Amino acid sequence: MGRAGDLFDRIMKEGEVAIDAFIMDRQSAELFLDFKRSADDGKGAKLHDRDRTNLSKAISGFGNSEGGVIVWGIDCRDDGTTGDVAQCKVPIENPKRFLSRLEGAVSGCTVPAHSHIRHHAVEVGNSNTGFVATYIPKSYLAPHQTVNSYQYYMRAGSSFSPVPHAVLSGMFGQAPQPFVFHNWVYSLPEIKTGNIVHISVGFVLVNGGPGIARELYVNTKVFCPNGTSKVSYNPREQDNWMGTVGLGHIFSVISRDGYRLHPGAVAEPFSIELYFSPPFKSPLVYEITLGIKTGRCEHWLQP
């Protein structure tokens, strides 16, 4: 997921502890991280126009670059000596409501809209205040133009900078690129003889980008809980995919010559057959790497 994804995961896991650490460490706004104080601290009847403008610039700037995270509810300013650093917390009233307003605004902030943005609310005790983190990944539909100012932005250091036409042409004057990500389909669990629970999980590839994907591959590692639990792989669509198993828990597939995944299409190259049987002496862990001809698309480790 990269640096931006790691920052967002940290905020989701640590909550206010991560927010406090940013301030204690005098964390500066940087290439993948920005801090914003809400113009009305979330108290208005709708998303404040200044907050909408900041969201638009961030979607364009982070989406056109390598992605990033905005933390709403932190005052960040240049104090003349340390640069743009997180100064203090300015909690947002009703962070879940503020999150909902951000979600409602996303589709109208840029052209084209960025459809992979995520938000997370951090609530502070029972105070009905808190913070909101907005994760804006690198977009495969770039470039994104802001709706309000008709401007293209990129993240440069700790700020969003307008992109000159010559630079824009050089960066995005290319054929549309595919964006392949994975999804899951699963069956209802079945109880087998000996209290063994069987779950079949189909691995699905989706092309969410505007370009055609070629030469796709997937490497999957599944480590079942220590004990009698087992895993196996069931190849699907074998006319389109070739698969191999290694060391009993590693399964790799690659698309056959000439196979293409067009925009909006889905494919299910294999399913993972899980057989769970107590005792469970360790967690289920899986690691997935997938990619296409133009490069690796995603790397995901799930404990």
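**Exercise 1. Is E16 buried, partly exposed or exposed, and at what relative accessibility?**

Solution. Keep in mind that this is a predicted model. Start with the cut-offs: buried means under 20% relative accessible area, and exposed means over 50%, with partly exposed in between. E16 comes out at 25% relative accessibility, so it counts as partly exposed.

**Exercise 2. Work out which side chain E16 pairs with, and which parts of the chain that pair ties together.**

Solution. Step one: look for the partner. The side chain of E16 meets that of K89 in a salt bridge, with 2.8 Å from N to O. Step two: place both ends. E16 belongs to helix α2 (residues 16-24) while K89 sits in strand β4 (residues 84-89), so the bridge ties together parts that are 73 residues apart in sequence. Step three: check how open the lysine is. K89 has 31% relative accessibility and counts as partly exposed.

**Exercise 3. Find which residues are linked with K89 in a network of salt bridges.**

Solution. Go back to K89 and look along helix α2 for D20. D20 and K89 form a salt bridge, and their closest N and O atoms are 2.8 Å apart. Here too the pair links distant parts of the chain, with D20 in helix α2 and K89 in strand β4, 69 residues apart. D20 is partly exposed, at a relative accessible area of 30%. Now put the pieces together: E16, D20 and K89 are linked in a network of salt bridges.

**Exercise 4. Take the pair K36 and D34: how far apart are the closest N and O atoms, and does D34 count as buried or exposed?**

Solution. First the distance: the closest N and O atoms of K36 and D34 are 3.8 Å apart. A salt bridge needs the nitrogen within 4 Å of the carboxyl oxygen, so the pair makes the cut. Next the accessibility: D34 has just 5%, and because buried means under 20%, D34 counts as buried. For the overall tally, the structure holds 12 salt bridges.

**Exercise 5. How many disulfides does the structure hold, and do C109 and C224 count as buried or exposed?**

Solution. The disulfide count is quick: the structure holds 0. Then take the two cysteines in turn. C109 has 0% relative accessibility and counts as buried. C224 has a relative accessible area of 15%, so it is buried as well.

**Exercise 6. Locate two cis peptide bonds, one leading into P112 and one into P279.**

Solution. Begin with P112. V111 and P112 are joined by a cis peptide bond, with omega about -5°. P112 is in the loop between β6 (110-111) and β7 (118-123). Then move on to P279. A cis peptide bond joins P278 to P279, and there omega is about 5°. You'll find P279 in the loop between β21 (266-276) and β22 (285-292).

**Exercise 7. What is the phi of N94 and of E237, and where in the fold do these residues sit?**

Solution. Take N94 to begin with. Its phi is positive, about 50°, although N94 is not a glycine. N94 falls in the loop between β5 (92-93) and α4 (95-106), and at 22% relative accessibility N94 counts as partly exposed. Now E237: phi is positive again, about 45°, and E237 is not a glycine either. E237 lies in the loop between β17 (230-235) and β18 (241-246). With 33% relative accessibility, E237 counts as partly exposed.

Terms used: Residues are numbered from 1 along each chain as its sequence is written. This is a predicted model: local features need pLDDT of at least 70, side-chain atom pairs count only at pLDDT 80 or more; totals for chains, interfaces and linings use all residues. Side-chain values use heavy atoms; hydrogens and water are left out. Helices (H or I, at least four residues) and strands (E, at least two) are DSSP runs, numbered from the N terminus. Buried means under 20% relative accessible area, exposed over 50%, partly exposed in between (1.4 Å probe, protein chains only). A disulfide is a pair of cysteine sulfur atoms within 2.5 Å.
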